[in-house]
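This report covers backbone geometry, nonpolar packing and one pocket. Please look over the sequence and the model before reading on.

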Amino acid sequence: PAEFVQYPQSISRPVGTTAIFNCLAQGEPIPQLTWLKNGEILAPSGHIKLKNNNNTLTINGISPDDEAIYQCIAENDAGSTQASARLTVLWAEGLPGPPTDVKAVALSATAIHVSWTEPSENTRDIIGYVLHIRKTADPVEMEYQEAVSKTTLQQVVTDLQPSTGYTFYIKAYTSRGASKPSELATCSTRGEVPAVPALFIKVLNSTAIQAVWESSIKLGQHEGFKLYYRRIHGAHFIGPVLLPSNVTSYNITQLDPMIAYEVKLLAFNRHGDGNSTVRFVALQDAVERSGVLNTPCDCLKEEHNSKTSTTGIIIGTHIGVTCIIFCVLFLVFGYRGRLLMCKNVEERLATPQAPSRAQRNSQGLVLNGGSRRGREEFVANGKMADMNELERLFPAPVPSDRLHKENPSNNVSPITEEQPSSICQNSLFPLDEFVVTEEQHTTFETPVVQCCLDHPELNINQLSFTGAKDSSSINAK
C-alpha cells in the first residue's frame with residue numbers, strides 16, 4: 001500500500017506572504033496524490049498552485065480566507081493513506097493597506113520604470129516595500145522580488161528581455177507583517193535595435209568596390225540595411241542606400257582611383273537604427289596588391305606538379321634506402337676481408353722467409369723516397385741478401401778425402417795456375433774469409449758491389465761483382 005515518506009507540516013504565515021506544503025509518498029504502483037481544504041477537494045486557482053506531480057502545494061499572497069486544514073491523500077490499487085497540516089494566517093491590527101497608483105513605463109529594450117504611492121492607512125510602521133516581478137506569460141511561482149527602501153516609491157527594473165511583457169505588484173511590510181498586494185501593473189519592454197553588422201570591402205577595379213556583410217541571427221530583428229560612403233574627410237556621406245534584409249552585398253562604382261573612401265553600414269528596424277560599422281579603402285594601393293594576389297591559377301598544372309613532386313620523393317626515398325643497404329654490406333664484407341688479410345699477415349710473420357732478388361730491387365726503389373728508418377732497414381736487408389748470394393757463388397770448401405771419394409777420376413784442383421780465369425766460376429774459398437767493405441748503389445741499371453778477399457795462398461785483394469737488374473746471375477771480376 002501507499003505510505004508517506006514526507007508529511008506536510010503545519011505553518012503560520014502573515015497575510016500577503018507565501019505558504020508552501022510538501023508531501024511525498026511511495027508504493028507499488030506509484031500512488032496518486034490529492035489535496036483537500038477542510039475536507040473538500042482543492043482546485044488550483046490564481047494564487048494556489050500544485051506542481052511536482054501534486055507533491056508541492058503553494059499558496060501565494062495568503063489572506064485570512066486561506067486559513068484552513070489542508071489534507072494530502074496518497075492512493076493506489078493496494079490502498080490509500082492521508083496526512084494533514086494547518087495553515088494559520090497571522091493578522092494584526094494596524095497593518096498598512098496596499099500600495100496604490102502602481103505605474104510601469106518602459107525605458108528601453110531591457111529596462112522598465114515602476115512607481116507607486118504609499119498606502120492610505122497605517123503608514124507609520126512601514127519598514128520597506130517589496131516589488132514582485134514576473135513575465136506575464138510565466139506562472140506565478142516564477143516571479144522574483146526586489147526590496148525597496150520605505151522612502152523610495154519607485155524602482156528601475158533592469159536586465160529584462162526586449163519586446164517582452166512583465167507584470168508587477170507591490171507590498172508594504174511592517175514588523176508585524178505585510179500588507180495586501182497592490183493592483184497589478186503590466187508593461188512591455190521596447191524592441192531592441194539590430195546589432196552591428198560585420199562589413200568587408202573588396203576592390204573590383206580601379207574605380208569600383210564591393211561592400212559585403214553577413215546577415216545572421218546575431219543581428220536580431222531587422223528590416224534592412226543602410227549604406228553610406230564618402231571621400232575621407234569629406235563633409236557629407238552619399239546615401240543612405242536602403243537595402244532589404246536579404247541583401248548581403250552592394251557594388252559602389254564611378255570612384256576616383258587616386259582617393260581613399262570611407263564606407264559605413266548599419267542595420268535598422270522599427271525601433272531604430274543600430275550601431276554602424278565603418279571601413280576605409282584606398283583604391284590605388286588595393287589594385288596594386290590585388291594585381292599580385294589575383295594572379296591566374298593553373299590548378300591542373302599545380303596538381304600535376306604536386307603529384308610529380310610526390311613521386312620524386314618516393315623514388316628518392318627508395319634510392320636512398322638502397323644506397324644505405326649497399327654501404328652496410330660493403331662495410332661488412334670489407335671488415336671481413338681485413339680480418340682475413342690480417343690473419344694471412346700473421347701467418348707470414350710466423351714463418352720468416354729470405355727476401356728474393358726481385359723484392360730487394362723493389363725495396364731499393366722504395367728506399368730512394370723513404371724515410372731514414374726505412375733506408376736503414378733496407379741496407380740491413382740488402383747486406384743479408386748479398387751474403388746469401390755470396391754463399392751461393394762461393395760455397396764452403398769440400399775436404400780432399402771426400403772429394404776423392406766422390407770424384408775418384410778427377411784429381412785436378414779447381415784452382416790451378418793454368419786456369420786462372422775459372423776463379424769466378426768455381427771458387428771454393430770459405431765465406432768466412434770474405435769481408436764486405438763497401439756497398440754502392442747507383443742510379444744506373446747495373447749496381448756494383450765491391451768486396452775484399454783476404455787469402456794467404458792467392459794474391460787477390462779486391463773482387464768486383466756485377467749483377468743485372470732483370471737477371472738472376474752475377475758476374476765476378
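## Positive phi between β15 and β16

The model is predicted. Asp159 sits in the loop that connects β15 (154–157) with β16 (165–174). Phi of Asp159 is near 60°, a positive value, and the residue is not a glycine. Asp159 has 75% relative accessibility, so it counts as exposed, the cut-off being over 50%.

Ser163 belongs to the loop between β15 and β16 as well. Phi is positive here too, at about 55°, again in a residue that is not a glycine. Ser163 has 41% relative accessibility and therefore counts as partly exposed.

## Cis peptide bonds

Two cis bonds precede prolines. One runs from Glu28 to Pro29, with omega near -5°. Pro29 falls in the loop between β4 (24–26) and β5 (32–37).

The other runs from Gly239 to Pro240, with omega near 15°. Here the proline is in a strand: Pro240 is part of β22 (residues 238–244).

## Nonpolar cores

In soluble globular proteins, nonpolar side chains tend to be buried together. The largest nonpolar core in this model has 23 residues. Those touching the most other members are Phe4, Phe21, Trp35, Leu57, Ile59, Tyr70 and Leu87. Several strands feed this core: β3 (19–22), β5, β8 (56–59), β9 (68–76) and β10 (79–90) each contribute at least two residues.

Take Ile59 as an example. Leaving out residues up to four places away in sequence, Ile59 touches Thr17, Thr18, Ala19, His47, Ile48, Asp66, Tyr70 and Leu87. Of these contacts, Tyr70 and Leu87 are also on the list of core residues that touch the most other members. A second core, separate from this one, holds 19 residues, among them Ala104, Trp116, Ile133 and Ala172.

## The second largest pocket

What is the volume of the second largest pocket? The value is about 200 Å³. Its lining includes Gly46, His47, Asn60 and Gly61. Arg134, Val140, Glu143, Thr167 and Tyr169 line the pocket too. Pro181, Ser182 and Leu184 complete the lining.

How many of the lining residues are nonpolar, polar and charged? Four are nonpolar, six are polar and two are charged. The charged residues are Arg134 and Glu143. His47 lines this pocket and is also among the contacts of Ile59.

Definitions and conventions:
Residues numbered from 1 in each chain as written. Predicted model: local features only at pLDDT ≥ 70, side-chain atom pairs only at ≥ 80, totals over all residues. Heavy atoms only, no water. Helix = DSSP H or I, 4+ residues; strand = E, 2+ residues; numbered from the N terminus. Buried < 20%, exposed > 50% of the residue type's maximum accessible area, 1.4 Å probe, protein only. Core = buried A, V, L, I, M, F, W, Y, C linked by side-chain atoms within 4.5 Å. Contact = heavy atoms within 4.5 Å. 1 Å grid on protein atoms, 1.4 Å probe; cavity = no way out; pocket = protein on both sides within 12 Å on 5 of 7 lines; lining within 4 Å. Points joined across faces, edges and corners; volume = space filled by probe spheres on them.
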